[in-house]
Amino acid sequence: MATPCFHKDMIRFESPAEADKAAGSCEDCVKIGARWVHLRMCLTCGHVGCCDSSPNRHARAHAMSERHPLVTSYEPGETWRYCFVDDVYVK
Ligand SMILES: [Zn+2]
Ligand SMILES: [Zn+2]
Ligand SMILES: [Zn+2]
């Protein structure tokens, strides 16, 4: 059984619009000229960063440095939410 997530009260943002996702980019990667694989959005402040399959893992870095554990996929067609701290998908 997975550990439940107790961070859901940190969710301040709704799921992003599909049009926004299609035009999304990881600003931290753009700044350093790096590439990313997939995008994730912080559900606490709206920061968009790259996924754990990307070389720089900016979404996880943001989650840890800002203590914003919950992200949602910023990929078109994907709506799942995930907690970096608890390592579980949340509804
Ligand atoms: Zn959690
Ligand atoms: Zn990045
Ligand atoms: Zn954040």
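Student: Why is the arrangement around the zinc ion (ligand 3) tetrahedral?

Tutor: Look at the angles: its four donor atoms subtend 102 to 112°, and that makes the arrangement tetrahedral. The general idea is that four donors count as tetrahedral if all angles lie between 85 and 135 degrees. Before we go on, this is a predicted model, where local features need pLDDT of at least 70, side-chain atom pairs count only at pLDDT 80 or more, and totals for chains, interfaces and linings use all residues. Residues are numbered from 1 along each chain as its sequence is written, chains are lettered from A and ligands numbered from 1 in the order in which they are written, and side-chain values use heavy atoms, leaving out hydrogens and water.

Student: Which residues are the protein donors of the zinc ion (ligand 3)?

Tutor: A donor is an N, O or S atom within 2.8 Å of the metal (3.2 Å for Na, K and Ca), and since water is not among the atoms, sites may look incomplete. Here C42 and C45 each offer SG, H62 offers NE2 and H68 offers ND1, at 2.0 to 2.3 Å from the zinc ion (ligand 3). Along the sequence, those donor residues are spaced C-x2-C-x16-H-x5-H. C45 sits in the loop between β1 (39-42) and β2 (48-50), while H62 is in helix α3 (residues 58-66), so this pair ties together parts 17 residues apart in sequence.

Student: How do I read those element names, and how many helices and strands does the chain have?

Tutor: Helices (H or I, at least four residues) and strands (E, at least two) are DSSP runs, numbered from the N terminus. This chain has three helices and five strands, and starting from the N terminus they run α-α-β-β-α-β-β-β.

Student: Back to zinc. Which residues coordinate the zinc ion (ligand 1)?

Tutor: C5 and C83 with SG, H7 with ND1 and D86 with OD, at 1.9 to 2.3 Å. Angles of 99 to 118° among the four donor atoms make this site tetrahedral. The spacing of the donor residues is C-x1-H-x75-C-x2-D. C5 lies in the segment before α1 (18-22) and C83 in strand β4 (residues 81-83), so the pair ties together parts that are 78 residues apart in sequence.

Student: And what are the protein donors of the zinc ion (ligand 2)?

Tutor: C26, C29 and C50 through SG, plus H58 through ND1, lying 2.0 to 2.3 Å from the ion. The site of the zinc ion (ligand 2) is tetrahedral too, with angles of 105 to 119°. Its donors follow C-x2-C-x20-C-x7-H along the chain. Two of them link distant parts: C26 is in the loop between α1 and α2 (27-32) and C50 is in strand β2, 24 residues apart.

Student: Is C45 buried or partly exposed?

Tutor: Go by relative accessible area: buried means under 20%, exposed over 50%, partly exposed in between (1.4 Å probe, protein chains only). C45, at 35%, is partly exposed, but H62, at 10%, is buried. At the zinc ion (ligand 1), C5 is buried at 11% and C83 is buried at 0%. C26 and C50 are buried as well. Over the chain, buried residues make up 41% of the 91 residues.

Student: How many salt bridges does a search of the whole structure find?

Tutor: A salt bridge is a side-chain nitrogen of Lys or Arg within 4 Å of a carboxyl oxygen of Asp or Glu. The search finds three. One joins E18 and K21 at 3.0 Å, N to O; both residues lie in helix α1, three residues apart, about one turn of the helix. E18 is partly exposed at 40%, whereas K21 is buried at 4%. D28 and K31 meet in another, at 3.7 Å, and they too lie three residues apart, in helix α2. D28 is partly exposed at 24%, and K31 is exposed at 64%. D52 also bridges to R60, with the closest N and O atoms 2.6 Å apart. D52 is partly exposed at 27%, and R60 is partly exposed at 26%.

Student: What does the C-alpha trace of the chain span along its principal axes?

Tutor: About 40 × 25 × 20 Å.

Definitions and conventions: Four donors count as tetrahedral if all angles lie between 85 and 135 degrees; four count as square planar and six as octahedral if opposite donors are over 155 degrees apart and all others between 65 and 115; anything else is irregular.
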